[in-house]
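The following exercises are to be worked with the sequence and the model side by side. Each task is followed by a solution in steps.

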Amino acid sequence: MTTSLECTDTARNTFEMVNMLKKYKVDAKDVKKSSSKTTSTSSTTSRAISPVKLDRAAMEKDWDVSEDPELLKVLNMAKMLGRAQPPKVQTYSKNPLFDLLPATIRRLVNPKAPVKCCVASLQRNLAGFGPNGDISKNQKIQLENLMKKVMGVAYMPEDLTGKFSSLSKLNQREQSKFFSADIFSLTGDAWMKEPGSVEWTDGKGVFINNYSNFILWVNLEDQLRLVSVAKGQDLKYVLLRLQKAVARIEEAL
């Protein structure tokens with residue numbers, strides 16, 4: 001208990017209070033009972049006479065501000081400011097180059113695991129015909145005629161000579177029979193024998209050498225796609241043939 005009275009005044013008032021309690025014989029239990037009754041009566045009375053009725057749902061209706069558009073805009077801006085900027089993507093332009101020389105290929109080690117076949121492919125687009133296979137019909141026909149000449153016996157060695165077929169000139173039965181050859185099963189192109197799987201328009205053709213281990217696609221997806229294949233594990237032999245074909249075609253062009 002704290003008071004602003006002096007010590008002597010406090011002591012005197014305390015003695016007077018004790019004398020009064022002794023005179024009227026007031027018990028502490030009676031004080032507690034009377035105070036509790038007074039409190040309950042006053043609280044009951046105040047509730048009974050209060051004319052105000054509060055609706056909790058109505059009061060809390062406007063408390064949810066999570067969908068406030070202005071608040072969402074501020075939160076989104078805060079997220080953007082706190083987010084780390086993505087690193088800049090560096091792009092490098094490099095001309096494609098088949099840089100495997102025969103000496104480098106011969107130092108490779110063939111796979112030791114038993115494999116059914118080895119396949120190596122290479123896509124090329126020729127200068128003067130555009131950067132991809134999406135060229136006009138006249139350009140496709142010109143490219144097909146050019147590759148017919150390049151793949152002739154005048155430019156190709158004996159192991160790369162063969163026959164060029166213009167697929168647009170074959171009917172559906174001839175196309176199905178043509179793609180039933182074993183080499184297309186090895187290269188994964190046997191699906192083309194299904195009618196309607198590929199639209200064989202003018203300018204699309206394929207060259208197959210006499211040993212059935214090298215294919216040159218013309219105007220299929222890319223302008224040129226060279227594929228070298230062999231049964232078994234001799235990957236070096238497959239790469240050497242592909243390297244020779246690329247070198248001879250570049251010399252002829």
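**Exercise 1: The two sides of a helix**

In helix α6, N138 and K149 are exposed, on the side opposite to the buried residues. The model is a predicted one.

Task: Determine which residues of α6 are buried, and state what they pack against.

Solution.
1. Helix α6 comprises residues 137–150, 14 residues in total. From its first C-alpha to its last it reaches 20 Å, close to the 20 Å expected at 1.5 Å a residue.
2. The buried residues in α6 are K140, L143, E144, M147 and V150. These residues cover an arc of only 125° around the axis, so they fall on the same side of α6.
3. The buried residues of α6 pack against four strands and a helix: β2 (162–166), β3, β4 (214–218), β5 (224–231) and α9 (235–252).

**Exercise 2: The partners of a covered strand**

Task: Identify which strands pair with β5 through bridges, and in what sense they run.

Solution.
1. Consider the burial of β5 to begin with: seven of its eight residues are buried, and the strand is thus mostly covered.
2. Strand β1 (residues 117–124) is joined to β5 by eight bridges, and the two run antiparallel. Within this pairing, A120 has S228 of β5 as its bridge partner.
3. Strand β4 also pairs with β5 in the antiparallel sense, over five bridges. Here F214 stands opposite S228 in β5.
4. S228 is therefore a point of reference in both pairings, being the bridge partner of A120 and standing opposite F214.
5. The connection between β4 and β5 is a hairpin with five residues between the strands. In the turn, N219 has a positive phi of about 60°.**Exercise 3: An aromatic pair and its surroundings**

Task: Classify the pair formed by F179 and W200 from its geometry, and state which parts of the chain the pair ties together.

Solution.
1. A search of the whole structure finds seven aromatic pairs. In the pair of F179 and W200, the centres are 5.5 Å apart and the planes meet at 15°. Planes under 30 degrees apart count as stacked, and the pair of F179 and W200 is stacked.
2. F179 lies in the loop between α7 (172–178) and α8 (182–187), and W200 in the loop between α8 and β3 (205–209), so the pair ties together parts that are 21 residues apart in sequence.
3. F179 is buried, with a relative accessible area of 1%; W200 is also buried, with 11%.
4. Ring pairs link F178, F179, F184, W200 and W217 into a cluster.
5. Elsewhere, a ring has a charged neighbour: R241 lies over the face of Y237, at 4.4 Å from the ring centre.

Definitions and conventions. Residues are numbered from 1 along each chain as its sequence is written. This is a predicted model: local features need pLDDT of at least 70, side-chain atom pairs count only at pLDDT 80 or more; totals for chains, interfaces and linings use all residues. Side-chain values use heavy atoms; hydrogens and water are left out. Rings of Phe, Tyr and Trp (its six-membered ring) pair if their centres lie within 6.5 Å; planes under 30 degrees apart count as stacked, over 60 as edge-to-face and the rest as tilted. Buried means under 20% relative accessible area, exposed over 50%, partly exposed in between (1.4 Å probe, protein chains only). A charge sits over a ring if NZ of Lys or CZ of Arg is within 6 Å of the ring centre and within 35 degrees of the ring normal. The expected span of a helix is 1.5 Å times one less than its number of residues. The arc is that of the directions from the helix axis to the C-beta atoms. Contact means heavy atoms within 4.5 Å. Two strands pair if DSSP finds at least two bridges between them.
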